[in-house]
Amino acid sequence: MIPSTTPSERLEALILDYNGVIGLQPTPQMWARLAALAGWPAHQVADFETEFWARRAPYDAGEISTHAFWGELLYGQLTAPRGSALLDALLRTDTEMWTHTDDAVIRVLREAHATGLRMIILSNAPHPLAEALDRTPWCSALMSKTVYSAHLGTNKPDPRTYEAALVAAGMPHPDNTLFVDDRLENCAAAAQLGLHTLHFSGDSTALASRITQPTPTVMANGV
């Protein structure tokens, strides 16, 4: 387990994962719709999800195209040539199902933004999703910068991703930086670089409590 520590001085930067923190996980109905578009039988949606994630890392890292990604996922003899209506529908449906956000988290981030806190997204995301997120009103209003795996050519938990996020945040000291992610392995990698971490489990109040830093109480004995 990664220790839940608090920056020792004023928090200078907040680096946030997107999916599973700001973004809501897709519903079963969304997965079923995407699987159906890819030609998978209704009783094999779980198998489709397994294959989807097994092939996702190179796509998130920008190593393969949308056409190549879906070419390996289509069921049976189904094809989606470049420029086809099916490929466009797959791309659009895939992207849209990751763009739903947690209203409670957004409220916490709005309050943090009002204090002047620098906030950076660090997300494993392919080019189409990265572009869609950057176009959202909440992202343009709240985030100082965004850092996506597809632009870096590598995914979290590669140390280079966190280093890029620190650069995007203006090089705050790691000890005054909080990284938030729903994956424990990503938090562990950030902690190795000296960042403070929050393994996010969906509780927006836990996020708010880590961002809000009350003035320490001085005990009578000076401890």
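Biologist: How much space lies in the second largest pocket?
Modeller: In this predicted model, the second largest pocket holds about 240 Å³ of space.

Biologist: And which residues sit closest to its centre?
Modeller: The second largest pocket is lined by 13 residues, and those closest to its centre are A112, T115, L117, I211 and T212.

Biologist: Which element gives the largest share of that lining?
Modeller: That is α6, which contributes three residues to the lining of the second largest pocket, and both α6 (103-114) and α12 (204-211) supply at least two residues each.

Biologist: What's the lining like by class?
Modeller: For the second largest pocket, the lining is made up of six nonpolar residues, four polar ones and three charged ones.

Biologist: OK, switching over: how much space is in the largest pocket?
Modeller: The largest pocket encloses about 440 Å³ of space, and its lining consists of 22 residues, of which N19, W53, D60, N124 and R183 are the closest to the centre.

Biologist: Which elements give two or more residues there?
Modeller: Two or more lining residues of the largest pocket come from α3 (56-60) and from α11 (184-192), and α3 gives the most, with three residues.

Biologist: Same thing by class, then: how many nonpolar, polar and charged residues line the largest pocket?
Modeller: The lining of the largest pocket divides into eight nonpolar, six polar and eight charged residues, while that of the second largest pocket has six nonpolar, four polar and three charged residues.

Terms used. Residues are numbered from 1 along each chain as its sequence is written. This is a predicted model: local features need pLDDT of at least 70, side-chain atom pairs count only at pLDDT 80 or more; totals for chains, interfaces and linings use all residues. Side-chain values use heavy atoms; hydrogens and water are left out. On a 1 Å grid over the protein atoms alone, a cavity is a set of points where a 1.4 Å probe fits but cannot get out, and a pocket is an open set with protein on both sides within 12 Å along at least five of seven lines; lining residues have an atom within 4 Å of a point. Grid points are joined across faces, edges and corners, and a volume is the space filled by probe spheres set on the points. Helices (H or I, at least four residues) and strands (E, at least two) are DSSP runs, numbered from the N terminus. Ala, Val, Leu, Ile, Met, Phe, Trp, Tyr, Cys and Pro count as nonpolar, Asp, Glu, Lys and Arg as charged, and the others, Gly among them, as polar.
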